[in-house]
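Subject: Structure handover, with notes

Hi,

Here is the structure I promised to pass on. Please have a look at it first, and then read through my notes below.

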Amino acid sequence: MANFALDVTRLGFSLLQAVSPDLAGKAAFQLFCRTPSAKPKGAKARAAHAAGAARLTGAERFTLRLANGRQAHAYRLNGGARGKRKRYLVTHGWGSSAAYMAELVSMLSATGAEVVALDFPGHGRSGGRFLHMGLAVETIAVAEARFGAFDAAIGHSFGGAALMVSAAGLLPGVAPVTGERLVLIGAPSEMGWLFTDFGGMIGLRPTAQAALENEVHRITGRRLEDFDVGGAAGGIGRPVLVIHAEDDKEVSSLHARRYGAAGKGVRLFWANGFGHRRIVGAEPVLAAIAAFLDGDRGVVEVPDESIKKDAEIIPFFELPARRAAL
């Protein structure tokens, strides 16, 4: 938020929570879930979006109907062909869209696989300005019901966390994604820090902060602390590749380390130097994802004492020969 807008917002919440902390918490949740404008800001963002949109020009487009009249958008490449082929799901981060994931989508579709890339509600072509984790997980379930079971799912940032929440079956009444493999790129392992930071930013006092967090339980059927999926990655019974950059300024690398410590099924790939956003199209990252989806087990190494010994670590420099082909 700009300084003036933030000052006005803080003043408004100061007055509202003095009258009713519960109302202040509910209003804070609505603001927390308000998504950024889908229009890219700045020359670099506009160029990246235009390039991504061009890559998706030939994709089929679908509207996915969610509960309560909400909707999401999906792109599909290589759909409808006869014969057995892999099917992959791609999910984006907060404030992003499928267009920003287009390099990854193109790499996956070039293998001949059917690829479905989502625009969550409030993002891309989906319209609206509202999204929370429950809606994201519902979108994933509706996509699987519409297109069929996915062999693997790949998600960036918020989209990666949504995949983990889905795979762990955390939301009551929402079918979990059934992909045999998961790839999480720059994904948070829990959500509590976001709510704490947000509440502090707008000046919520403890009672209003509690009301904000209680909204999560009211809407999703799960308490905020239940969305701590850092340890769930090792218990979902399928391989998980966690990709993160230690220079990520938006999602701390501590989240990747928590995933990496979850168990034998989790592999951690450090893509240092690519930050939080460039990482989704970085050539070494695409190569590592391609190898992982092909079943490559790679090299096991444990260079960090903060990771349990049974966690598999792929060194940044250790890539398969296919790297040259990308």
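Accessible areas here come from the Shrake-Rupley method with a 1.4 Å probe, and for residues only the protein chains shown count as cover. On that basis the chain has an accessible surface of about 14,500 Å², with 54% of it belonging to carbon and sulfur atoms.

Some housekeeping before the details. This is a predicted model, in which local features need pLDDT of at least 70 and side-chain atom pairs count only at pLDDT 80 or more, while totals for chains, interfaces and linings use all residues. Residues are numbered from 1 along each chain as its sequence is written, and side-chain values use heavy atoms, with hydrogens and water left out.

**Overall picture**

The chain holds ten helices and nine strands; these are DSSP runs (helices H or I, at least four residues; strands E, at least two), numbered from the N terminus. Of its 326 residues, 51% count as buried, where buried means under 20% relative accessible area, exposed over 50%, and partly exposed in between (1.4 Å probe, protein chains only). Taking contacts (heavy atoms within 4.5 Å) between residues at least 6 apart in sequence, 76% join residues at least 24 apart.

**The cores**

A nonpolar core is a set of buried Ala, Val, Leu, Ile, Met, Phe, Trp, Tyr and Cys residues joined through side-chain atoms within 4.5 Å. The largest one has 59 residues, and Leu-89, Leu-118 and Met-133 touch the most other members. Helix 5 (residues 133-147) supplies the largest share of this core, eight residues. A second, separate core has 36 residues, including Ala-102, Phe-269, Ala-282 and Phe-292. Beyond four places in sequence, the residues that Leu-118 touches include Leu-64, His-73, Leu-89, Val-90, Ile-140 and Ala-143.

**Asp-119**

Right in strand 4 (residues 114-119) sits Asp-119, which counts as buried at 1% relative accessibility. What does the side chain of Asp-119 have 2.8 Å from one of its polar atoms? The backbone nitrogen of Ala-98 is there, and the pair fits the definition of a polar contact: N or O atoms within 3.5 Å, where within protein one must be able to donate a hydrogen and the other to accept it, and residues adjacent in sequence count only if both atoms are side-chain atoms. Asp-119 and His-73 are 46 residues apart in sequence, yet their C-alpha atoms are 5.0 Å apart. Leaving aside neighbours within four places, the contacts of Asp-119 include Ala-72, His-73, Tyr-75, His-92, Gly-124 and Arg-125.

**Helices 2, 7 and 8**

These three are worth viewing together. Helix 2 (residues 21-32) has twelve residues, which at 1.5 Å a residue should span 16 Å, and its end C-alpha atoms are indeed 16 Å apart; the expected span is 1.5 Å times one less than the number of residues. Ala-24, Gly-25, Ala-28 and Phe-29 are the buried residues of helix 2. Seen down the axis, they fall within an arc of 140°, so they line one face of the helix; the arc is that of the directions from the helix axis to the C-beta atoms. Their cover includes helix 1 (3-19), helix 7 (192-202) and helix 8 (206-220).

In helix 7 the buried residues are Gly-192, Phe-195, Phe-198, Gly-199 and Ile-202. Their arc around the axis is only 135°, which puts them on the same side of helix 7. They pack against helix 1, helix 2 and helix 8.

Helix 8 has 15 residues and an expected span of 21 Å, and its end C-alpha atoms are 22 Å apart, which agrees. The buried residues of helix 8 pack against helix 1, helix 2, helix 5 and helix 7. Among them is Gln-209, with a relative accessible area of 13%. A polar atom of the Gln-209 side chain lies 3.1 Å from the backbone oxygen of Phe-195. Gln-209 is also in contact with Thr-196, Gly-199 and Leu-204, among residues more than four places away.

**Positive phi values**

Most residues other than glycine have a negative phi. Which phi value does Asn-78 take? It is positive, near 60°, in the loop between strand 2 (71-77) and strand 3 (87-91), and Asn-78 is partly exposed at 31%. Ser-157 has a positive phi of about 55° and is buried at 10%, in the loop between strand 5 (152-156) and helix 6 (158-167). Among glycines, Gly-203 just after helix 7 takes a phi of about 80°, and Gly-221 after helix 8 has one near 85°.

Happy browsing!
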